[in-house]
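Q: Could you walk me through a protein structure, one feature at a time? I'd like to learn how to read it.

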Amino acid sequence: MDRETAREQLKGDLRSYVEQITRKSKGANMYVCPLCGSGEGHNGTGAFSIKDGTSWKCFSCNKGGDIFDLIGEYEGIADHTEQLKRAGELFGITIDSYRSSAREDFSPAPAYQKQDKTEQYTHNNIRTNTYTQQPQTAGADYTDFFLQAHSHIEETDYPQRRGLSKAVIDRFKLGYVAEWRHPKAPNAPASPRLIIPTAKGSYLARDTRAEIPEEQKAYSKSKVGTIQLFNRKALQEAKKPVFIVEGELDALSIIEVGGEAVALGSTTKAKALVELLKTQKPSQPLIIALDNDTAGQKASEELIESLKGLSIPYYRLNPCGEYKDANEALQKNREALSQAVADAEHIQEEAEQAQREA
Ligand SMILES: [Zn+2]
């Protein structure tokens, strides 16, 4: 189908897409916002609505647009051609030849290389220079910020304290900002942060202090941008089973001992993972290892139901033993975590063996 016809047809699939990624909230034609979660609460009225079947708007996070903008925001795809291509995948439409223009994630752009390296690069001037020049629908691009933060990573020993090696720090471009502020709270007190990029337009900023003032504890793990699956490319590229975990640090911990892992970032993103898997089958079996609490249990069960429906091989396994998560396991008993992750590589063969013997 040619691009314009496809574009027009796909615009009409907005409601169907919205109903795949979120649910109704109180109020006629209102939904829980899939981007900011508005309407999630017990009696909460959603701020997300659809108009004329082809455009959407959220009065809480103040975003809006058509189906392509929503796919872009939800899946972290800034490029318009890629958004169209993804919409086509979701709704089974083949679109005539694409111009390939998506930039490799976080690869240095020529503009960055030309920049004066001594320039103080803070979040604020990224916002005033690069970020605000982006068209509204393209979303934020923090690539330059990530690279700058990465160049300061030696100023903290936080990743080492957490058991992470230089190889993992470099592979995922972990960064450090000594005086970080949330872009939406520029007047809040600054704090030192480990920056974990999750997509071009989103990241996690973890407070690196051993002692965090009581009133700031609620903000010690800040998400910027729409929450994205961390290391999602492992789903397609992994050569061994992929652990599905909740936290980015947990995924990094499993990778640290030689495994493959994708982090949801939040149990609410289990649905986003399922949507992705509908059109892109993983190259390897998945190992569900969400947190062992109520939210984690519930999300695991829902995820497993969906994987069964999609005939995607999965296993459920806790590689952390007595520890509360993979990062604690890495810090307290690296050997045991390493062994559990190595054993998981053969999980499929072992299951098949057991089945033959039964
Ligand atoms: Zn919203």
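**Reading the model**

Q: Which serine follows α13, and what is the sign of its phi?

A: That's serine 311, coming after α13 with a positive phi, near 55 degrees. The label α13 belongs to a helix, meaning a DSSP run of H or I with at least four residues, while a strand is a run of E with at least two, and both are numbered from the N terminus. A similar thing comes after α4: glycine 92 follows that helix, with a positive phi near 65 degrees. Keep in mind that this is a predicted model, where local features need pLDDT of at least 70 and side-chain atom pairs count only at pLDDT 80 or more, though totals for chains, interfaces and linings use all residues. Residues are numbered from 1 along each chain as its sequence is written, and side-chain values use heavy atoms, leaving out hydrogens and water.

Q: How many helices and strands does the protein chain have?

A: There are 16 helices and 12 strands. Of the 358 residues, 49% are buried, which means under 20% relative accessible area; exposed is over 50% and partly exposed is in between (1.4 Å probe, protein chains only).

Q: What span should helix α13 have?

A: You multiply 1.5 Å by one less than the number of residues. Helix α13 has 16 residues, 294-309, so 22 Å is what you should get, and its end C-alpha atoms sit 23 Å apart, which agrees.

Q: Which residues of α13 are buried?

A: An α-helix has 3.6 residues a turn, so residues three or four places apart point the same way. In α13 the buried ones are Gly296, Ala299, Ser300, Leu303, Ile304 and Leu307. They cover an arc of only 140 degrees, so they are on the same side of α13; the arc is taken from the directions from the helix axis to the C-beta atoms. On the face turned away from that side you'll find the exposed Thr294, Lys298 and Gly309. The cover over the buried residues includes β9, α12, β11 and β12.

Q: What caps the N-terminal end of α4?

A: Aspartate 79 does, with a side-chain oxygen 3.0 Å from the backbone nitrogen of threonine 81. The buried residues of α4 include Thr81, Leu84 and Leu90, and those buried residues pack against α1, α2, α3 and α12.

Q: Is arginine 181 buried, partly exposed or exposed?

A: Arginine 181 is partly exposed, at 34% relative accessible area, in the loop between β5 and β6. Now look for polar contacts: pairs of N or O atoms within 3.5 Å where, within protein, one must be able to donate a hydrogen and the other to accept it, and residues adjacent in sequence count only if both atoms are side-chain atoms. The arginine 181 side chain reaches the backbone oxygen of proline 186 at 3.3 Å and that of alanine 188 at 3.0 Å.

Q: Where does serine 222 lie?

A: Serine 222 is in strand β8, and with 9% relative accessibility it counts as buried. Its side chain makes a polar contact with the side chain of arginine 193, at 3.2 Å.

Q: Where in the protein chain is confidence lowest?

A: Check pLDDT, the predictor's confidence in each residue, from 0 to 100. Helix α5 is lowest, with a mean of 35, while helix α11 is highest at 97. The chain's mean is 84, yet pLDDT stays under 50 over residues 99-138. Where pLDDT is low, the predicted coordinates should not be read in detail.

Technical notes: Contact = heavy atoms within 4.5 Å.
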